[in-house]
Amino acid sequence: MALHPLQNAEFLTTAAHDAQLPEPSHPEIAFAGRSNAGKSSAINALANRTRLAFTSKTPGRTQHINFFRLRSDALLADLPGYGYAAVPRELKEHWQQFLARYVATRQTLVGLVLVVDMRHGVADLDRMLLDAYLPSGRPVLVLATKSDKLTPSAARVAAREMERQLHMRFPVHASRIIVVAFSALRHVGIEQAETVIAQWLGIVDTRATSAAAKEKAPPSRGVTRGPKRRS
Ligand code: GDP
């Protein structure tokens with residue numbers, strides 16, 4: 001299978017509390033982040049469909065976990081953005097507990113993608129989510145997004161620094177925390193993110209295998225083609 005694990009995702013269902021979660025059957029990846037961090041844009045850039053995650057932004061759905069089915073039958077769970085100042089405290093607590101419970105206990109969850117605005121860094125609510133999630137022994141990919149707001153070299157430095165700080169904060173789980181500089185706007189970090197997500201989902205990286213095969217193959221005298229691109 002080509003390595004665009006999020007391409008052609010279809011909306012499946014939405015859940016506001018535990019009883020509404022879909023039956024755990026296929027592997028699941030979750031996207032989380034503070035509201036306005038750039039989570040919807042990141043999902044859309046990876047799914048290559050401009051309106052996919054906007055389903056989550058329709059009124060009434062912003063407090064839900066929205067589930068999408070991927071081509072591999074895996075699920076993508078788009079977690080509600082947290083950190084709205086205007087939300088009443090009780091509702092905020094309900095979301096936080098719902099999310100913390102979901103990331104800590106969801107049996108089929110194989111990886112968490114945490115979207116963080118690179119300029120603002122990891123916030124308290126991000127750390128709370130990681131506190132709930134990491135003891136489950138599963139990996140996290142942090143997309144340090146809006147990297148286009150910095151120069152490429154400053155963005156790389158900022159991503160490495162974010163990773164260093166997270167490793168210091170969660171030393172026991174450091175080997176399972178990766179930070180990638182990302183820009184939905186400029187399509188930076190897409191392939192790296194896809195590679196990590198595909199690995200989590202057990203999807204074979206045909207780009208890697210075809211690159212390895214090319215290295216082994218004798219030099220061709222004919223016309224060579226690059227890897228197939230998305231249209
Ligand atoms: P969400 O609330 O986390 O889903 O965030 P959105 O994806 O809706 O993005 C919030 C704002 O950040 C919007 O104005 C986006 O256009 C902007 N944004 C998102 N990703 C990027 C990015 O990679 N680069 C830049 N410059 N802006 C971005």
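With which side chain does the side chain of Glu-194 make a polar contact? In this predicted model, the partner is the side chain of His-4, at 3.1 Å. Glu-194 belongs to helix H5, which spans residues 190–201. Because its relative accessibility is 2%, and buried means under 20%, Glu-194 counts as buried.

The surroundings of this residue may be placed within the overall architecture. Six helices and seven strands are present in the protein. Read from the N terminus, the elements follow the order β-β-α-β-β-α-β-α-β-α-β-α-α. Contacts also link distant parts of the sequence: of those between residues at least 6 apart in sequence, 75% join residues at least 24 apart.

Of the 231 residues in the protein, 46% are buried. The exposed area of the protein is about 12,200 Å², and 53% of this area is supplied by carbon and sulfur atoms.

In soluble globular proteins, nonpolar side chains tend to be buried together. In the present model, the largest nonpolar core contains 36 residues. Those with the most contacts inside this core are Ile-65, Leu-79, Tyr-102, Leu-112, Leu-114 and Val-140. When neighbours within four places in sequence are left aside, Leu-79 is in contact with Ala-30, Phe-31, Ala-32, Lys-39, His-64, Ile-65, Leu-99, Tyr-102 and Val-103. A second core, separate from the largest one, comprises 32 residues, among them Ala-47, Leu-52, Ala-53 and Ile-203.

Notes:
Residues numbered from 1 in each chain as written. Predicted model: local features only at pLDDT ≥ 70, side-chain atom pairs only at ≥ 80, totals over all residues. Heavy atoms only, no water. Helix = DSSP H or I, 4+ residues; strand = E, 2+ residues; numbered from the N terminus. Buried < 20%, exposed > 50% of the residue type's maximum accessible area, 1.4 Å probe, protein only. Polar contact = N/O pair within 3.5 Å; in protein donor to acceptor, adjacent residues only side chain to side chain. Contact = heavy atoms within 4.5 Å. Areas by Shrake-Rupley, 256 points an atom, 1.4 Å probe, with all protein chains shown as cover. Core = buried A, V, L, I, M, F, W, Y, C linked by side-chain atoms within 4.5 Å.
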